[in-house]
Amino acid sequence: MNNSVENRFFGIVCGALLVFVAPLFVLFLFLSSERADKEIRDHISVLLVANAQALAKPLWDLDEESVTQISATVVSQGAIVKVEVRDQSGQLDVSQSTIPRSFDGKLVQVSRAIIYNTVDGPKNLGSISVYYPALGLFSGLKQEEVVFISIFIFAVLTVFGTALIGNRFFVIQPLMRLTAAIEATRQLGSRHHVDWQSNDEMGRLARSFNEMQTKLESEEKELKFAHRRATDIYNLTPAMLFSLDEEDRITAVSEYWLLATGYSRADIIGRNFADLVTSSSRDKFVKRRQGENGMTVTVKFVRLDGRTMDILIMESEAAAGADDRLSLSVMTDVTELKASEDRNHRQAITDHLTGLLNRQGFEAVLDNKIAAADAAGQELACLFVDLDRFKWINDNMGHAAGDTALIELVERLKTHLAPSDEAARLGGDEFAILLPAKDAEIRAKAMCEQIASIFETPFAPDMHLSASIGIAIYPHHAATAAELLQKSDMAMYAKKRDGKNGAQLFDKAMLDRARSRAEIEANIEAGLVDNWFEAFLQPIVNLNGRGIAGFEALMRLNHPQKGLMPPAEIISVAEETGKIVRVGNVIMEKAISNLAKISRISGMQDTYLAINFSPLQFEPALPARLAAIVGRHGIRPERIVVEITEAVLMHDNPQIRMIVTELRRFGCRIALDDFGTGYSSLSYLNRFPVDIIKIDQSFTRASNDGDDEVRQKSRMLIEGITTLSHKMNCTVIAEGIETEEECRTLHQMGLDYGQGYLFHRPQHAAALIEELMAPQSAVARAS
């Protein structure tokens with residue numbers, strides 16, 4: 001109890017006495033001593049003055065006896081204990097002392113010169129010195145001062161004792177009781193109270209402590225009840241609850257956990273949970289806190305009977321974060337859910353019609369196949385397969401027939417696939433096949449031959465199919481999955497452009513064509529934004545007289561640096577990208593505007609304008625847009641000829657048929673362009689309201705071919721088309737006339753009009769107007 005409150009209080013009081021009372025007491029003694037010393041000195045000074053006068057005469061006379069008597073008288077005075085008298089010449093030295101032998105204190109000396117008044121004046125005969133003991137602090141105290149000091153010390157001791165006794169009874173005793181209650185509570189676990197009643201601070205402290213003990217006792221009862229209830233809930237709740245320590249050892253499990261797993265509590269407590277999961281899931285469980293899902297993990301758990309089940313473990317993060325971790329976890333049997341997820345995943349990556357992978361599944365497999373090829377030191381061939389004319393089957397035979405053909409195609413294809421191969425339907429009639437092999441190019445070409453054999457047998461009566469196949473090899477042609485698929489796609493499109501029905505291996509020249517196509521796309525977009533597109537006009541003349549009957553509007557892109565660009569590639573790319581609608585609207589607007597300017601020239605008021613339309617331009621808004629433009633420029637509808645190709649009619653789209661009919665009803669005339677190049681052109685004359693037939697320039701050139709047989713057959717076809725068209729009230733125009741011989745032959749066969757370089761080249765509207773306004777220009781009205 002060296003550091004007890006009582007000892008500290010005792011130390012504080014003693015310290016106060018030493019700091020405040022003791023210095024005052026010492027000061028009092030010091031002042032008393034100074035006062036006593038001063039009184040002694042004053043007494044001795046008076047005594048020395050008197051005795052120095054008394055000794056003057058005896059010392060002059062060297063009367064040693066008288067000097068001795070006077071010295072004896074001085075030494076007997078009060079505090080003086082020693083007297084010394086010496087003459088100046090040293091003949092007389094008298095010393096008297098009353099100092100006891102045991103005295104070892106300090107003496108204080110006081111001296112005075114002995115002066116004798118002679119006839120010659122005062123003379124210093126010698127000196128008298130007296131000695132008295134030096135006074136201590138207590139030496140100078142008077143009796144009344146001693147009494148006062150005694151009373152002061154008694155009073156201080158009384159206050160000190162009273163403070164210690166009061167501290168003992170009113171502070172130490174209740175503190176000791178409070179300490180005893182706390183120690184009893186700590187050691188015994190029961191809530192002890194302090195038996196102390198008072199109205200002071202210690203009483204309030206005791207009451208507060210007792211109230212706190214009462215409250216804690218009540219809370220402990222509630223906690224015990226809550227713990228008992230939580231334990232019951234833990235054990236009886238219908239969930240697989242368990243707890244782990246910091247080393248993942250099982251510390252507790254619920255009754256439902258035991259029921260679901262088949263284990264007993266005695267056998268499972270203390271085991272590491274990782275031992276209860278499959279070896280394939282063990283590492284995943286151990287590293288669960290390092291994953292993105294925090295304390296949630298799905299593993300395969302082994303029941304007591306050996307069966308495995310997929311379980312989802314959710315662990316309490318708050319408990320897991322403590323230094324002494326005891327986690328609360330719940331595990332849920334997700335075996336059925338996992339199986340359902342697997343089914344959903346397979347459905348998500350599988351084409352529902354054919355059972356092959358879809359595009360999403362193929363892209364995921366492609367990465368894995370590339371990694372496997374790298375690991376095995378193999379190559380990987382990617383075949384991009386696109387069916388030819390499959391859209392025609394869907395449009396003419398129905399989607400059900402198309403689906404049946406796709407299913408049959410996949411069944412035939414699977415017979416040629418090895419277990420390591422992978423096939424996917426990317427969408428519509430597009431397929432992809434992955435072929436790992438040491439020499440993937442040889443394997444790919446062999447597979448292409450097998451695929452070609454698949455199409456030898458019709459898929460249904462009159463349902464013949466073929467395929468265009470693009471081949472790309474990893475790592476020769478591509479370094480990534482996306483690049484491999486892209487380049488096989490690029491090779492397939494190259495085969496499509498070259499005539500379809502076959503295979504094409506990727507080569508670097510395709511990249512140049514792709515870059516060229518991308519450049520054309522950029523030029524088309526820039527041309528639409530910066531107004532680079534122009535509507536050139538090529539006159540159509542009457543073969544009987546060469547008078548201009550109308551004009552055909554031709555698209556041209558006038559690049560500011562490259563000049564006029566070839567229109568065929570621009571039209572092809574614009575149709576593929578869907579920008580042909582915007583381009584066509586620009587050309588239509590400018591061509592009709594140019595026709596309005598030409599109409600101001602004398603003799604040109606009845607000429608017509610033929611405008612080519614792509615299949616993509618036949619939108620529901622086309623008739624209204626065309627009507628608005630011709631109305632704005634004051635052009636009669638019958639002066640507008642809508643040129644359509646067999647490609648438009650081949651769609652046999654009800655919407656296109658409706659739009660063409662509406663344009664015809666509005667007053668526009670319909671021209672069938674490039675007639676004779678399709679295998680079913682004659683049927684269109686019966687199915688569509690055609691006004692003008694334009695014979696393709698290939699027939700025009702063949703009509704004067706050097707080969708007699710070719711020339712004869714071409715002329716027979718031209719005459720037949722002309723005769724048939726005239727019987728159906730259709731005007732016939734020959735395209736591509738370049739020589740007088742061709743013109744003469746066609747005129748003799750009864751053709752009405754013609755166009756070609758023989759008459760006029762396509763020109764900018766401004767140049768054409770300038771030419772038409774020249775005096776020598778021959779003008780004829782359209783018949």
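**Two open sheets, some aromatics and a few unusual backbone spots**

In this predicted model, N531 comes out as partly exposed, with a relative accessibility of 48%. That value sits between the 20% under which a residue is called buried and the 50% over which a residue is called exposed, which is why N531 gets the in-between label. The residue belongs to the loop that links α16 (508-530) to β15 (533-542). N531 is not a glycine, yet its phi is positive, at about 65°. Most residues other than glycine have a negative phi, and most peptide bonds are trans.

D248 makes a handy companion to N531. Its phi is also positive, near 65°, and D248 is again a residue other than glycine. The setting is another loop, running between β5 (240-244) and β6 (250-253). What about its accessibility: is D248 buried or exposed? With a relative accessible area of 11%, D248 is buried, as the value falls under the 20% cut-off. So D248 counts as buried, while N531 counts as partly exposed.

The backbone has a further oddity at Y474 and P475, which are joined by a cis peptide bond with omega at about 10°. P475 is placed in the loop between β13 (466-474) and α15 (481-497). Both of these flanking elements turn up again in the five-stranded sheet below.

Turning to the sheets, one of them is open and has four strands, ordered β2-β1-β4-β3 and paired in the antiparallel sense. β2 (93-97) and β3 (107-118) hold the edges; each has a single partner strand, so one side of each is left without a neighbour in the sheet. From one strand to the next, the twist averages 15°. Strands of a sheet pair through backbone hydrogen bonds, either parallel or antiparallel. Here, β3 and β4 (residues 121-133) share 12 bridges in an antiparallel pairing, and within that pairing V108 sits opposite Y132 of β4.

A helix covers part of this sheet. α3 (residues 64-75) lies across β1 (82-87), β2 and β4, and runs at about 30° to β2. One residue of α3 worth a closer look is S71. Its relative accessible area is 1%, so S71 is buried. Which residues does S71 touch once those up to four places away in sequence are set aside? The answer is V83, V85, V94 and Q96. V83 and V85 fall within the bounds of β1 (82-87), and V94 and Q96 within those of β2 (93-97). As for polar company, a polar atom of the S71 side chain lies 2.9 Å from the backbone oxygen of V67.

The other sheet is open as well, with five strands in the order β11-β12-β10-β13-β14 and mixed pairing. Its edge strands are β11 (422-427) and β14 (502-505), each of which pairs on one side only. The twist here averages 20° from one strand to the next. β10 (residues 379-388) and β13 are antiparallel to each other and are connected by nine bridges; in this pairing V385 faces I469 of β13. Two helices can be described on this sheet. α13 (residues 399-414) packs on it with contacts to β10, β11 and β12 (430-437), its direction making about 10° with that of β12. α15 also packs on the sheet, touching β10, β11, β12, β13 and β14, and its direction makes about 145° with that of β13.

As for the aromatics, the structure holds nine aromatic pairs. In one of them, the ring centres of F613 and F618 are 6.0 Å apart and the planes meet at 55°, so the pair is tilted. F613 counts as buried at 4% relative accessibility, and F618 is likewise buried, with a relative accessible area of 3%. There is also an aromatic cluster, made up of F242, W257, Y263, F273, F285 and F301.

Stepping back to the whole chain, the domain assignment gives domain 1 (178-231), domain 2 (237-340), domain 3 (350-506) and domain 4 (539-555 + 585-773). Domain 4 is thus listed in two segments. How far apart are the centres of domain 1 and domain 3? Taken over C-alpha atoms, the centres of these two domains are separated by 83 Å.

Terms used:
Residues numbered from 1 in each chain as written. Predicted model: local features only at pLDDT ≥ 70, side-chain atom pairs only at ≥ 80, totals over all residues. Heavy atoms only, no water. Pairing = 2+ DSSP bridges. Axes fitted to C-alpha atoms, helices over the stretch in contact; angles between N-to-C directions. Contact = heavy atoms within 4.5 Å. Buried < 20%, exposed > 50% of the residue type's maximum accessible area, 1.4 Å probe, protein only. Polar contact = N/O pair within 3.5 Å; in protein donor to acceptor, adjacent residues only side chain to side chain. Domains from an automatic or database assignment. Phe/Tyr/Trp six-rings, centres within 6.5 Å; stacked < 30°, edge-to-face > 60°.
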